[in-house]
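Please examine the sequence and structure shown here before reading the report.

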Amino acid sequence: MATTTSSFVFLSSPPRHSATLFRFRYGIGGRRGWKPIKAQSDVRKEHVVIVGAGIAGLATALSLHRLGVRSLVLEQAESLRTGGTSLTLFKNGWRVLDAIGVANDLRPQFLEIQGMVVKSEDGRELRAFNFKQEDQSQEVRAVERRVLLETLAGQLPHDTIQYSSRLARIEATPNGDTLLELMDGSKLLAKIVIGCDGIRSPIAKWMGFNEPKYVGHCAFRGLASYSDGQPYAPRVNYIYGRGLRAGYVPVSPTKVYWFICFNSPSPGPKITDSSVLKKQAKELVRNWPSELLNIVDATPDDTVIRTPLVDRWLWPAISPAASAGRVVLVGDAWHPMTPNLGQGACCALEDAVVLAKKLAGAIKSEDPSVEGAFSSYGTERWPRVFPLTIRANLVGSILQWENSLVCSVRNNIVIPKLVRLGPLLEHTNFSCESL
């Protein structure tokens, strides 16, 4: 999802007891206090402002649009940031895309995945599953991030997204509005702010959230391209080693997504040369099944990325709420999770439609309470996303085991004889009516 840099003056929410507009800020030397400011004619007023034009931001904007609520989406890049590779959407993600009216534009472009196969690093098949046999209603497709973003954006009014709009400062006002200042000096006074600004969300930091925590492993990802057609069956393929795992899944008739996840005591240096990343990825699995190496070889260098995996556990009574006044968080900005369950994007889509329904209802009611709608959203979504975040973390930790004896038990007993896929997919159940 879209992210922004942390070039903010972070503020505490002010008390609401004055009609005069104030800035409340932390000074560079630690001094802080209230400073009255004059009303400025160059401050543009907006009702609903969404920060970030990633999956969460565009899905929220489109959900609100379907419900008759206009929003402005601020995106720091000059255009949609369509980099990245692919993401897996299970049936809960597709239920949301159906509800907001874009699923049928996407389905013909991507293969429906029939099942999954688990192998050991020597290529031995440990277990195979069929999704429909486990759950007839299951729907799994890997979707190119670029196509998903372009499809969502294409359904919005043409003036919804404002590009080249990097936030420089957020300021709370006593009446509950939020002043957003951009790097170009322009200012917006928003009645409602929805933070969809990604894993390193400055808005989340402003609200008091801790930085997401590194979980001890990193992932290489890439999108292989086959101009004459890719040769793989429509199923997810996992390969498990010791402290190392990999996987690949066909996305479309010409694209295959892959990942390699490895243990590392630290996130390591940031490397921008994608050819170096590709070489490092291949080196990790040089003795693994040749099909994986062939897929990596078929990957354009510029699609290869390396990311440290992080998450944030929303402990009750410790973590801040999802909202503060009329500012609220959606998706990775609120609950970043590791990709081990394939639920990051799905949960962001769920967030978007739940929030949009509650906010639109509040706006259209005779006695609107945006704060109440945001509080209700947080109350409803927390029991959903907190357990999933923990579960994804624990699954990743188990799959990254390094001990040879433990890995042998996993590969020879747990996976072949004990694992049942049905219970592992129960989290993909989600009801969502059309907007």
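The report below describes the nonpolar cores, selected helices and individual residues of this predicted model.

## Nonpolar cores

The largest nonpolar core of the predicted model comprises 108 residues. Within this core, the residues with the most contacts are Leu58, Leu89, Leu97 and Ile194. Helix H9, which spans residues 344-364, supplies the largest share of the core, namely 12 residues. A second core, separate from this one, contains 24 residues, among them Phe220, Tyr232, Leu277 and Leu292.

The surroundings of Ile194 can be listed in detail. Apart from neighbours within four places in sequence, Ile194 is in contact with Val48, Val49, Ile50 and Val51, with Thr60 and Leu64, with Val328 and Val330, and with Leu355 and Leu359.

## Helix H2

Helix H2 covers residues 91-99 and is mostly covered, with 7 of its 9 residues buried. These buried residues are Lys91, Asn92, Gly93, Trp94, Val96, Leu97 and Ala99. Leu97 is also one of the residues with the most contacts inside the largest nonpolar core.

The packing partners of the buried H2 residues include both strands and helices. The strands are E5 (86-89) and E8 (141-144); the helices are H3 (103-106), H5 (145-154), H9 and H10 (370-399). After H2 comes Gly101, which has a positive phi near 85°.

## Helix H8

Helix H8 consists of residues 290-297, and its buried residues are Leu292, Leu293, Ile295 and Val296. Viewed down the helix axis, these buried residues fall within an arc of 160°, so they line one face of H8. An α-helix has 3.6 residues a turn, so residues three or four places apart point the same way. The buried residues of H8 pack against four strands, E13 (213-225), E14 (235-240), E15 (244-252) and E16 (255-263), and against helix H7 (274-284). Leu292 also belongs to the second nonpolar core.

Leu293, another residue of H8, has a relative accessibility of 15% and therefore counts as buried, the limit being under 20%. Beyond neighbours within four places in sequence, Leu293 is in contact with Lys282, Val285, Arg286 and Trp288. Lys282 and Leu293 are 11 residues apart in sequence, and their C-alpha atoms are 6.6 Å apart in space.

## Residues in strands E11 and E7

Strand E11 (residues 178-182) contains Thr178. Is Thr178 buried or exposed? Thr178 counts as buried because its relative accessibility is 3%. When residues up to four places away in sequence are not counted, Thr178 touches Ile170, Glu171, Thr173, Leu188, Leu189, Ala190, Val193 and Val327.

Ala128 is located in strand E7, which runs over residues 125-130. With a relative accessible area of 44%, Ala128 is partly exposed. Setting aside neighbours within four places in sequence, Ala128 is in contact with Met116 and Val117. Ala128 and Leu435 are 307 residues apart along the chain, and a distance of 37 Å separates their C-alpha atoms.

## A nonpolar surface patch

Which residues make the nonpolar surface patch of about 440 Å²? The patch is formed by Leu405, Val409, Ile413, Val414 and Leu418.

Val414 lies in helix H11, which comprises residues 404-418. Its relative accessibility is 33%, and Val414 therefore counts as partly exposed.

Methods: Residues numbered from 1 in each chain as written. Predicted model: local features only at pLDDT ≥ 70, side-chain atom pairs only at ≥ 80, totals over all residues. Heavy atoms only, no water. Buried < 20%, exposed > 50% of the residue type's maximum accessible area, 1.4 Å probe, protein only. Helix = DSSP H or I, 4+ residues; strand = E, 2+ residues; numbered from the N terminus. Arc of directions from axis to C-beta. Contact = heavy atoms within 4.5 Å. Core = buried A, V, L, I, M, F, W, Y, C linked by side-chain atoms within 4.5 Å. Patch = residues over 30% accessible without salt bridge, like charges linked within 9 Å, V, L, I, M, F, W, Y side chains within 5 Å. Areas by Shrake-Rupley, 256 points an atom, 1.4 Å probe, with all protein chains shown as cover. Salt bridge = Lys/Arg side-chain N within 4 Å of Asp/Glu carboxyl O.
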